[in-house]
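Good morning, and thank you for coming. I should like to take you through one model today, beginning with a term that the discussion requires.

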Amino acid sequence: MWYDNVSLNTDYNYISSRIRLARNFNNALFPSKLSDTEAKKLIDNTIGELSNISTDLGIHTNADILDRISEIERMSMYDRKVLNLTLAKKKTPTGIILNDNEDISIVINGDDHIRLQTLSVGISLYELLEKANRIDDYINEHFEYAFNEKYGYLTTYPTNIGTGMRAAIVLHLPASTQSKGFSKLISSVGRFGVAIKGLHGEGRENHGALFEISNPKTLGISEREILDTVIKVANQLNANERKLRESLIIEKRLEKQDEAYKSFGVLKYARKLSLKDALSFLSSLMAGSADGLIDLTNESKLYSMMIGVQSSNLLKMAGRPLSEDEIDEIRAKYIRDNIGELL
Amino acid sequence: MLCEKCKIREANVFYTEIIDGDQKNEHHLCSKCAGEIDQYSSLFDKDFSFSKLLSGILGDVFEKEENNEYRQIVCPTCNTRYDDFIKNSMFGCKDCFEVFNLLINDNIKQIHGNDTHVGKVPKNYHKNDKILPKSIVTDSIDNIFNNEDKKIENLKHKLEDAIKKEDFAQAAILRDKIKTIKEDKEDVV
């Protein structure tokens, strides 16, 4: 998978980057207005028309219909960032073209006819946009897009018109999260034209200290400007985190090292772990490892374990319904099997 | 920061909203505007949704003007009514943007801080596919079309009138519109 190797450092806290383009075809009603039969026809036509995408673009892809994918697998695809929650739960016909490591996906007849997404580890929005543009142009050679000069790419939701683009970066901010001014910082980034959200946990709670920043506006601002803004704010958040972590390594070295080793101990030997605990300990271990306070054989796998510990993945592995206790037990086993050793 | 609705008082109700599963928008209102309007006050309910807010913004404009014909406008291509659009905040097809253009322009500006696209343009995009001029859109206010045939028939009458008046620019626009509707009728999947 695209996220199997995430390497962080005290001064590099970028987990992943994502570009999403929303497009509609010019000669068809938007998805909300299509009957199931019409939607199926549109999906078949699109998948058929794009059947040479693998050879033409040199990416190995498979096409599928979401109906044929189990509910648990769809939720797992949501946890793996392939689908958003709406798509994972969508009941009407939806198609998907996905490549082997899942860093490229084309959802057909989601909210819009086309939802093209490119993903990568670290901070690499420009490369992702280039990749997405290449695929976008390829689709556009086969289908004319709904577009006008005033509103740009025409999308179902008024919040996506214009570029139809969402650019997002996920950062790991364990020290920032615990700092006093963090909630202030979060509410202030809006002024710079970006939105920020915690990835795990509801409301004010956050487990795992992962935050995604993205552009809320899509009209009247070019793709390049959007990327520049998102990257600028990501860099500022990263610099803020680095500063805090550098001083923690010096002033509270023993505490931080102890936290990392204790986290490793729990993850290595626990027999039962809640999602909240698993994410929190993985986050502490990730920070300790990035700061050079603990050496692990599987350092670069810690982020992929944050996806692996999600219930959807554990249910998928078990292949049967599980009680909450059983999930916690299987979660602990999954971690023991994947955490590796101390170096 | 000023309230995004009245743009007079200082905003003191801030909230963020998750839309279509993966995006988040920030909104800022003053307590008066937030409390006054039904749609806004629903933000204190748990099930507050962005579409409700947008509906608030969109709906409010025309309720005040007591201009109920606006509410009757129907997109001839996909049958989305302006009321539906206000309720769901969803466009049903590309023609909705032309039909509702004048009604939504200010509100789009409110959402995005801008109302004109800059950035990528599809390679095969034809420049003549522009937003229709005001006359055509306001015409549709007087005539609530329920199907393409009626729409075409009506446009044909208008085309004849335009030719009689030697208003060829208008005639060309009407001709293209008829053509588009006819083509779309055949092409729509």
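A residue is called buried here if 20 or more other C-beta atoms lie within 10 Å of its own. Please keep in mind throughout that this is a predicted model.

Let me apply that term to Leu29(B). This residue has 25 other C-beta atoms within 10 Å, and therefore counts as buried. Leu29(B) belongs to strand E2 of chain B, which covers residues 23-29. Its C-alpha atom is separated by 8.8 Å from that of Lys7(B), although the two residues are 22 apart along the chain.

I turn now to the nonpolar interior. In soluble globular proteins, nonpolar side chains tend to be buried together. In this model, the largest nonpolar core comprises 117 residues. Those with the most contacts inside the core are Leu125(A), Ile169(A), Ile213(A), Val230(A), Ala234(A) and Leu282(A). Helix H10 of chain A, residues 275-290, supplies the largest share of this core, with 8 residues. What does Leu282(A) touch, once its neighbours within four places in sequence are left aside? Its contacts are Gly208(A), Leu267(A), Leu302(A), Met305(A) and Met306(A).

My next subject is helix H3 of chain A, residues 71-79. Its buried residues are Arg74(A), Met75(A), Ser76(A), Met77(A) and Tyr78(A). They pack against two helices of chain A, namely H4 (85-89) and H12 (311-318). Just after H3(A), Lys81(A) adopts a positive phi of about 75°.

How do H3(A) and H12(A) cross? Their axes come within 8 Å, at an angle of roughly 140°. H3(A) is therefore oblique to H12(A). The crossing of these two helices is left-handed. On the H3(A) side, the contact involves Ile72(A), Glu73(A), Met75(A), Ser76(A) and Asp79(A); on the H12(A) side, it involves Ser312(A), Asn313(A), Leu315(A) and Lys316(A). By character, the residues of this contact divide into 3 nonpolar, 3 polar and 3 charged.

Finally, I come to the two chains. Chain A contributes 48 residues to the contact, and chain B contributes 41. On the side of chain A that touches chain B, the elements giving two or more residues are helices H1 (36-49), H4 and H5 (125-142), together with strands E6 (147-148) and E9 (195-198). That side of chain A divides into 17 nonpolar, 19 polar and 12 charged residues. Helix H4 of chain A thus appears twice in this account: the buried residues of H3(A) pack against it, and it gives residues to the side that touches chain B.

Key: Residues numbered from 1 in each chain as written. Chains lettered and ligands numbered in written order. Predicted model: local features only at pLDDT ≥ 70, side-chain atom pairs only at ≥ 80, totals over all residues. Core = buried A, V, L, I, M, F, W, Y, C linked by C-beta atoms within 7 Å. Buried ≥ 20, exposed ≤ 12 C-beta atoms within 10 Å, placed from the backbone. Helix = DSSP H or I, 4+ residues; strand = E, 2+ residues; numbered from the N terminus. Contact = placed C-beta atoms within 7 Å. Axes fitted to C-alpha atoms, helices over the stretch in contact; angles between N-to-C directions. Parallel < 35°, antiparallel > 145°, perpendicular 65-115°, else oblique. Left-handed = near helix turned anticlockwise from the far one by under 90°. Nonpolar A, V, L, I, M, F, W, Y, C, P; charged D, E, K, R; others polar.
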